[in-house]
Amino acid sequence: LPPPETTSNDTTATSEPNAPPAIDSFLADPPHLSEAGVSLLRLTVSPDATTVRLRLNGQPLADLTPADFPYPFEALSAKDNTVTDHIFEVEVTDAEGLTVSDTTTLSIELPPSGAQKCLFVDATAKQSAMAALAYTADALVAVGTRDTGAGFRMAVWKFDPDHCEQPLPGWPKTIADWTADPALAALPSRAAAVAVDLHGNIALGANLIIGGKPQRYTTLLTPSGARLWERTGLVGEEVSSVVITPEPSSVVIAAGWKITNDNPTSTDAMIWRHLSDNSVWATTLKAPFTDKETPDLDNEQSERIRAALIDPVSGALVVAGERSVTSNPLQFFDRTFIARFVPLGGPIGVPWTSPGDAYLHDAANSLSLCGDVFLLGGWTRDEAPNAAPQPLIRWVAEDLSWTKKSPELMPMTRLFGTACDRAGKVVSAGLRSSGGLDARVFAFDDPLGPRTWYDPGSPGDDGAGGLVCDTRGFCAWPGFRTVDGKQVAVVRAHHP
C-alpha cells in the first residue's frame, strides 16, 4: 500500500494559563503495518508547546518540534518485526520548561523477505514472454512479446504495482494497437527494454525481425498507450536498453549494437539518441577503448551494450555490457565493460574493462544504482569452451575508479537483473540452463553471508529476464513460465 499522506489537518489543543502544554492527540497512522511502508506519528498539541522529545521503547529516537509532525516511521523488512508492539513516547515541553507526556503503539508484522506479493501469469496468450519492467508512482509497466494467433508481436502490459495479478483495463497492447504502419504490425517483433518519464509516457526499445535478423525499433507512447512517435533503424541493429533524459530535454536514448560482419559475426556497440527534430544521432563504441589497446583494424572484436541508465548524481549516461578482448589473433575473451557519456554529447573519461579477475570470461547483462555505486549483474566462466557460466555481481564506483565482485557458486546460471532494495539487500534474477530452464531469484545482505531464495524455479521451463525494485523496497522480475505445455509471460513481485 502507498504510504499515508504526509499532510495533516491536526488541530491545536488549548491549555490553561501557567499549566503545562496540552497534548490533544498522539497516534500512529496506521497503527499496524503488514507490509513494508510508513506509519505517520501524528501529534496535536497546544500553541505554547516548543519542543518534543520522541522515544521508542524507552530509548531516544529524535528531538523535534511540533512542526515536525506528522513524523514518519518506516518498516523496511521482516527484520523490523517485533514480538511486542513498538511503544512511542512523546515528551512535550513549553518555553517555561513545563512538560507533558503521552504514548502510542505501532505493531509491525511484515512477511518474510522474498515472500510473494503478487503474481501474473499470461494465461490468455498462445505464447508470450516478458523482458523488462519499470516501476512508476502508480503502475508497474512490463514489456516483451506476445502471440495471440498471428505470431509473436512486441507487447506492453500495465499493472497496479500492489496487485499485479491482472493487467489494468485496456492492457496489454501490441504494436498493432499503436503503430502508424500496418506493415510493421505484420512483422514478428519483441520488446527488449522500457523507460517511463515523469508524465507517465512509455519509451519502448524493441526489435522487428526481418529474415531472421533484428531491426531496431523505438517508440514513445502516452500513458494510455497511444503513439507519440516511432522510429525504425537498419536491419542488423538491435536494441537492448532504453532511457529518457531528465526534463527539459526528455530525449529517448536507445542502446544496443549493430552487426558489422556476418561470418564470423561481430558487432559494434551503439547509442541512438532520438532528437526533437525527428533525427537520430548515432554513436559507435568499438575497440580500441584506450590508447594502450591494439587497433582492431579488421573489426573482428565485438562490443554489445546490454544495459543503460542516467546517473541522477552526475547526470551522465552510463552504459554497460560485454566486449571481446584479445592478447593474440587466435584467442578472444568476453569481458564486462562500463562507459559514461554526456547524454547529448561525447564520452566522459575512459571506459572500464574487466581484467578477467573472476574467471577469464565475464559479461554484464544489467546495470543499476545502489546508493552511490553502480551494480552490475551478469556471468563469468573459465577459459574452456564448455566451461559452465556462473553468476557474477560487481560493484563499480561512479567515477569507475574501483570495483569489487561477488561470483556466485551456481553453475550453468546467468543473471539478467540485479538491484538493491530500500533495505540495502542485493537482489538478483536470472536463469539456470541445465537440461531444463529454471528461474533463479535470490538476495543477500552481505556478499559473504547467506543467500535468501526468492524463486528457485517452478515445474517445467521458466526463467527471469530482469529485475527492478521500487522506492518502497518491493522487487519484481519479468520472465516466462511453462503452463499446460506452453511458454507464457509472468511477472512476480516480492516483499523486501
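## Aromatic pairs

Rings of Phe, Tyr and Trp, with the six-membered ring taken for Trp, count as a pair if their centres lie within 6.5 Å. On that basis this predicted model holds 6 aromatic pairs. In one of them, Phe73 and Phe88 meet edge-to-face, with 5.0 Å from centre to centre and 75° between the planes. This pair links distant parts of the chain, since Phe73 belongs to strand 6 (residues 71-75) and Phe88 to strand 7 (residues 86-94), 15 residues apart. Phe73 counts as buried at 15% relative accessibility, and Phe88 likewise counts as buried, at 0%.

Phe442 and Trp453 have ring centres 5.5 Å apart and planes at 55°, so this pair is tilted. It too links distant parts of the chain, with Phe442 in strand 32 (residues 436-444) and Trp453 in strand 33 (residues 452-455), 11 residues apart. Phe442 is buried at 0% relative accessibility, whereas Trp453, with a relative accessible area of 38%, is partly exposed.

## Charges over rings

The charged end of Arg273 sits over the ring of Trp281, at 4.4 Å from its centre. The charged end of Arg323 sits over the ring of Phe289, at 3.8 Å from the centre of that ring.

## The cavity

The structure holds 1 cavity of 30 Å³ or more, and the largest cavity contains about 30 Å³ of space. Its lining has 5 nonpolar, 3 polar and 1 charged residues, and among the lining residues are Thr336, Leu376, Ile393 and Arg394. Strand 26 (361-370), strand 27 (373-381) and strand 28 (390-397) each supply at least two residues of this lining.

Key. Residues are numbered from 1 along each chain as its sequence is written. This is a predicted model: local features need pLDDT of at least 70, side-chain atom pairs count only at pLDDT 80 or more; totals for chains, interfaces and linings use all residues. Side-chain values use heavy atoms; hydrogens and water are left out. On a 1 Å grid over the protein atoms alone, a cavity is a set of points where a 1.4 Å probe fits but cannot get out, and a pocket is an open set with protein on both sides within 12 Å along at least five of seven lines; lining residues have an atom within 4 Å of a point. Grid points are joined across faces, edges and corners, and a volume is the space filled by probe spheres set on the points. Helices (H or I, at least four residues) and strands (E, at least two) are DSSP runs, numbered from the N terminus. Ala, Val, Leu, Ile, Met, Phe, Trp, Tyr, Cys and Pro count as nonpolar, Asp, Glu, Lys and Arg as charged, and the others, Gly among them, as polar. Rings of Phe, Tyr and Trp (its six-membered ring) pair if their centres lie within 6.5 Å; planes under 30 degrees apart count as stacked, over 60 as edge-to-face and the rest as tilted. Buried means under 20% relative accessible area, exposed over 50%, partly exposed in between (1.4 Å probe, protein chains only). A charge sits over a ring if NZ of Lys or CZ of Arg is within 6 Å of the ring centre and within 35 degrees of the ring normal.
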